[in-house]
Amino acid sequence: MNRSPARRLVAGLAALGILTGVAGAALAATPDPTLPPAWPMDTALAYRWATNAVPPTAMRTAVNKAASDANASRRSRAPSYSYSSSGANGVSYGTSNPCGVNGLACFQRDPVNRYWHLWFRENGHRYDWGTLTWCEMSGSPNGCYQAETITLDEFGHVAGLDHHVNLANDSDYADAVVQTYSHARPLVGWNASAFGRCDVATLQQVYDAPSWTTLYSTCLDIPTTLAFAASTTQVPLSGSVTFTATLHANGTGRLAGNPMAGRIVVLQARSGTTWVDLLTMPAGSAAGTYVATYWPRLAQDYRAVFRKPASEGVRTSSSGAITVSITCSPTRCPLVASEAAQP
Ligand SMILES: [Zn+2]
């Protein structure tokens, strides 16, 4: 893999030494590795500008934008970020930092003691490869680094994401903002303003989704289960049966056993050797349930099916089948007559 000289390490102090075993990369993009421990769910992390290391206006604006970006795109109960003059943690800018020789920015995190800190190198810093230019401070020439995007990378680390492990050809680079090598303008991802789907995937596994209707990242491949019940299996003539399907995600971490609401679950009937869609089951009162009333005309097998939507990283599932038969008295049963063709 060719590393452009313009791509430079964003040092994660706690991340160094972890990125091994990239050989034999998977065929599909994978969720970012984690950087434990996690914060409690829904933790609000307020930051202030560090005394004697206050970032210039353009950098402060970039950091605040990145906070909004992180909050809007995390799709999980991961930490949220906001500026507060009384924030307990600092964001520093300037020559005094622990970012390592190639770092543009770096972080420290200690969720147990509720501590974290970000540092940004000064605009014009001289590396052995050239000069650091922050896009927001320079009119955005090619070769500059977008501070907003770099901050989002750092916020991802603070939340507990380690650097994304890219495919061998880097084709999934845009799937993550939390990257070992940050891209300068105009390389792909240089100005990302939202977490990538594989950043979100790990945030969801570690911090859970904010609601049962939240879609799971397409960087995931979560098995689902569909339970199925009928109010009765013996329906009188012209009577109805109420079917209840219950959809769950069997993901890892916090995504184990989550009810899945707001999805499309279809009631099917067996017809010969195939299954035919009857109707889309409306949402029930309990999260993840789908309830439909149906008037069977003949004894038949029924089941529910959930089909993987393109917008979500979950698998198709179908329930077991339930046979519903029609009960009738001999004098009031429907007449079943076959018309034979005249030979
Ligand atoms: Zn990073």
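Which strands does helix 2 lie across? Helix 2 lies across strand 3, strand 5 and strand 6. Its direction is at about 20° to strand 5. Helices (H or I, at least four residues) and strands (E, at least two) are DSSP runs, numbered from the N terminus. Axes are lines fitted to C-alpha atoms, for helices over the stretch in contact, and angles run from 0 to 180 degrees between N-to-C directions. Contact means that two C-beta atoms, placed from the backbone, lie within 7 Å.

This is a predicted model: local features need pLDDT of at least 70, side-chain atom pairs count only at pLDDT 80 or more, and totals for chains, interfaces and linings use all residues. Residues are numbered from 1 along each chain as its sequence is written.

Now the sheet. It is open, with 5 strands in the order 3-2-4-6-5 and mixed pairing. Strands pair if DSSP finds at least two bridges between them. Strand 3 (80-83) and strand 5 (105-110) are the edge strands, each pairing on one side only. Neighbouring strands are turned by 25° against each other on average, direction ignored. Strand 2 (residues 44-49) and strand 4 (residues 89-93) run parallel, joined by 3 bridges. Here Tyr47 stands opposite Asn89 of strand 4.

Helix 1 lies across strand 2, strand 3, strand 4 and strand 6 (115-120). It runs at about 150° to strand 3.

Helix 3 (residues 197-207) is mostly covered, with 11 of its 11 residues buried. Buried means 20 or more other C-beta atoms within 10 Å of the residue's own, with C-beta atoms placed from the backbone. Among the buried residues are Cys198, Leu203 and Tyr207. The buried residues of helix 3 pack against helix 1 (57-73) and helix 2 (147-159). Asp208 follows helix 3, with a positive phi near 70°.

Notes
A residue is buried if 20 or more other C-beta atoms lie within 10 Å of its own, exposed if 12 or fewer, and partly exposed in between; C-beta atoms are placed from the backbone.
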